[in-house]
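I opened this notebook to keep a record of what I looked up, entry by entry. The notes follow the order in which I turned to each part.

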Amino acid sequence: MMNAVVRSVVRCPSRCRLRHSKGRHFAAQAQQQIPYSENEFPDRREAPIISRTKAADVVVTSKPQSNSQHRVIPSTRSIGVERPAHIPPNVPIDSLEIPETKITTLSNGVRVGSMETYSQVSTVGVLLDFGSRHELEQYTVPSTNKTVSTAGVNHLMELLAFNSTKNYDGTEIRNILETLGGATFAQSSREQMMYCVDVLRPNVNEAFNLLGETVQSPIVQEIEVEEMKQVIMFQTMDMMPQVLMGEGLQLAAYGPMDGKLQQLGRPHFCTADALPNLTADSVHAFREQHLLNNPEGIVVSGSGISHDALVELAEANFGHMTSNKSDSAKTTIPSIYTGGEYRLQTEPSPHSAKEEFTHIAVAFEVGGWHSLDLVPTCVLQTLLGGGSSFSAGGPGKGMYSRLYREILNRHRWAESAEAF
């Protein structure tokens, strides 16, 4: 795919001439009145007196010697004889195993993958096999026979992550993770959902327990839902044009078939039309349909942690889940590439000083991760290269790529051009 962003900037020549003429007038006045540089001495009314001293004439006074020759460490800060259990021993690097990815499948179908990097910071996460492509305008919950809308629920669940659970409220979870030295984030896409925690290695057990409770036992309160809906509203108003352009590419690539939206052609971000229909029942219904009875759709991953330790944590937190194919089976319908055009026109900015940009993107279908054309496509993307007309990486960075040579270096109105 190729993304081209262009802009046009027009300068007023008369203003430039006026500014330069004023600068010459002020410089002439300064040269007549002040015999020395006004930039170096703006507050002085007389010329400075400059004196010179030879290095041999400078007398260096010796510092008084300290009475104490050695620094004594207080007993309260002394290191104990025995090494704490959570600190790994110092061993030669050649005695450590080469990091490799290890995968284990639990008895209920939960998959566990990890890589031991010997880092003092551990990263553990849970990936779930559902996304915005599985949302529905209307869904009837089997347990309650109630009809709800799940359109936009993944966007909402991403913002609701690490809030109130069965045993903790949102404030307690944040305080505990702060004490453990951890950071959390969640991310949703069209096909997966991920919850992740970065934490200091000695505290990974407690952090993973909070992670497991966040995934399995959230208490989705209406007040939290309404707060996050306000956040979604503000995000929609301030969304970057590049994000909107990427969303438009997806909607155009997998357009409606027979008057119905295709799964990959559904909006990923919650739209203004779907936002009023989202409730706490929408979240519970979506989780009941795709998560609670589907351990085969859960992947536990980690780095900076031993594989056996991660398998033990996964077994303790997710090993009790059972599979119910009749309830958890979701219909992932293949989407057909249709191609098309998507345009989003916005009103001009009321601020005249703000520069306006036009964003244009051209995309075409590729085979995906399992295609034989994957590597050639990646090589083509690198050869096209490109970027912004202002190189943040230093002079000449990326100037050898095709888009730089053929577009940015030849057309001054092009702000950026890149392949992605």
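**Entry 1: V283 and its surroundings**

I began with V283, which lies in helix α7, residues 280-290. The model is a predicted one, and I kept that in mind for every entry here. Is V283 buried or exposed? With a relative accessible area of 3%, V283 is buried, because the limit for that class is under 20%. I then looked up which residues V283 touches once those up to four places away in sequence are left out, and I found V153, L156, M157, L160 and V220. For M157 I also noted the C-alpha separation from V283, which is 7.2 Å, although the two residues are 126 apart along the chain.

**Entry 2: Helix α2 and the sheet**

From there I turned to helix α2, which spans residues 153-160. Helix α2 lies across β7 and β8, and its direction is at about 180° to that of β7.

I next wrote down the sheet itself, which is open and has six strands in the order β2-β3-β9-β4-β8-β7, with mixed pairing. Its edge strands are β2 (102-105) and β7 (183-188), each of which pairs on one side only. From one strand to the next, I noted a twist that averages 15°.

**Entry 3: The pairings of β8**

Which strands pair with β8, and in what sense? On one side I followed β4 (residues 121-128), which pairs with β8 (residues 193-200) in the antiparallel sense over eight bridges. Within this pairing, G125 stands opposite C196 of β8.

With β7, strand β8 is again antiparallel, and here six bridges join the two. I picked out T184, whose bridge partner in β8 is V197. The connection between β7 and β8 is a hairpin, made through four residues.

**Entry 4: Salt bridges**

I then looked up the salt bridges, of which the structure holds 10. As background, side chains of opposite charge can pair when their charged atoms come close.

The pair that led me back to the sheet is E247 with R190, whose side chains meet in a salt bridge at 3.3 Å, N to O. This pair links distant parts of the chain, since E247 is in helix α6 (residues 241-253) and R190 is in the loop between β7 and β8, 57 residues apart. Are these two partners buried or exposed? E247 counts as buried at 12% relative accessibility, and R190 also counts as buried, at 16%.

For E97 and K102 I noted a salt bridge of 3.7 Å, N to O, between the side chains. Here E97 counts as exposed, at 53% relative accessibility, whereas K102 is partly exposed with a relative accessible area of 33%.

A further salt bridge joins E341 to R343, and I recorded 2.3 Å between the closest N and O atoms. Both E341 and R343 are exposed. I closed the entry with R405, E406 and R410, which salt bridges with shared partners join into one network.

**Entry 5: Cysteines**

How many disulfides does the model contain? The count comes to zero, the rule being that a pair of cysteine sulfur atoms must lie within 2.5 Å. I looked up the accessibility of two cysteines while I was there: C270 counts as buried at 4% relative accessibility, while C378 is partly exposed, with a relative accessible area of 43%.

**Entry 6: Positive phi outside glycine**

My last search was for residues other than glycine with a positive phi, and I wrote down N145 and F162. The phi of N145 is near 60°, and N145 is placed in the loop between β5 (139-140) and β6 (147-148). With a relative accessible area of 62%, N145 is exposed.

F162 has a positive phi of about 60°, and its place is in the loop between α2 and α3 (170-180). Is F162 buried or exposed? F162 counts as buried, because its relative accessibility is 6%. I therefore set the two side by side in my notes: N145 is exposed, whereas F162 is buried.

Conventions. Residues numbered from 1 in each chain as written. Predicted model: local features only at pLDDT ≥ 70, side-chain atom pairs only at ≥ 80, totals over all residues. Heavy atoms only, no water. Pairing = 2+ DSSP bridges. Axes fitted to C-alpha atoms, helices over the stretch in contact; angles between N-to-C directions. Contact = heavy atoms within 4.5 Å. Salt bridge = Lys/Arg side-chain N within 4 Å of Asp/Glu carboxyl O. Buried < 20%, exposed > 50% of the residue type's maximum accessible area, 1.4 Å probe, protein only.
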